[in-house]
Amino acid sequence: MDEQNPLQTNVGVRIKERRKQVEMTLDELAEKTGLTASFISQVERGKANISLNSLHTVAKALVVPVFYFVAEGDLPEGSHTFGQQELS
């Protein structure tokens, strides 16, 4: 993949920020999601695209809604958690 697009880069940056916020390593996220640490690292660096299904799995592991990763600009306060809503 030669060119990075802004959405792809933004998704990766948000995954990495959230992962670090919850003090989770790449290996821990990989274990929770069934994805490889190498692939997640590539996504975080904007070098690989992530499918919607995989993004949903990552969102569940990081306890955020999928839109957290694709929203433009700053996220509203409280948008980084599901609160009491059960993940399904």
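Here are three short exercises, with worked solutions, on a predicted model.

**Exercise 1.** Find where Glu23 sits, and work out whether Glu23 is buried or exposed.

*Solution.* Start with the chain: Glu23 lies in the loop that links helix 1 (6-21) to helix 2 (26-33). Next, check the backbone: the phi of Glu23 is near 55°, which is a positive value in a residue other than glycine. Last, look at the surface: Glu23 has a relative accessible area of 71%. The cut-off for exposed is over 50%, so Glu23 is exposed.

**Exercise 2.** Do the same for Val63: which loop holds Val63, and how does its accessibility class come out?

*Solution.* Val63 is found in the loop between helix 4 (52-62) and helix 5 (67-70). Its phi is positive, about 55°, even though Val63 is not a glycine. Now for accessibility: the relative value for Val63 is 38%. That falls between the 20% and 50% cut-offs, so Val63 counts as partly exposed.

**Exercise 3.** Describe how helix 2 and helix 4 pack, and say which residues meet.

*Solution.* Two numbers are handy here, the angle between the axes of two packed helices and the distance between those axes. For helix 2 and helix 4, the angle is about 115° and the axes are 9 Å apart. Then add the handedness: helix 2 and helix 4 make a right-handed crossing. Now list the partners. Helix 2 brings Leu29, Lys32 and Thr33, and these meet Thr57, Val58, Ala61 and Leu62 of helix 4. Finally, sort this contact by class: four residues are nonpolar, two are polar and one is charged.

Terms used:
Residues numbered from 1 in each chain as written. Predicted model: local features only at pLDDT ≥ 70, side-chain atom pairs only at ≥ 80, totals over all residues. Heavy atoms only, no water. Helix = DSSP H or I, 4+ residues; strand = E, 2+ residues; numbered from the N terminus. Buried < 20%, exposed > 50% of the residue type's maximum accessible area, 1.4 Å probe, protein only. Axes fitted to C-alpha atoms, helices over the stretch in contact; angles between N-to-C directions. Left-handed = near helix turned anticlockwise from the far one by under 90°. Contact = heavy atoms within 4.5 Å. Nonpolar A, V, L, I, M, F, W, Y, C, P; charged D, E, K, R; others polar.
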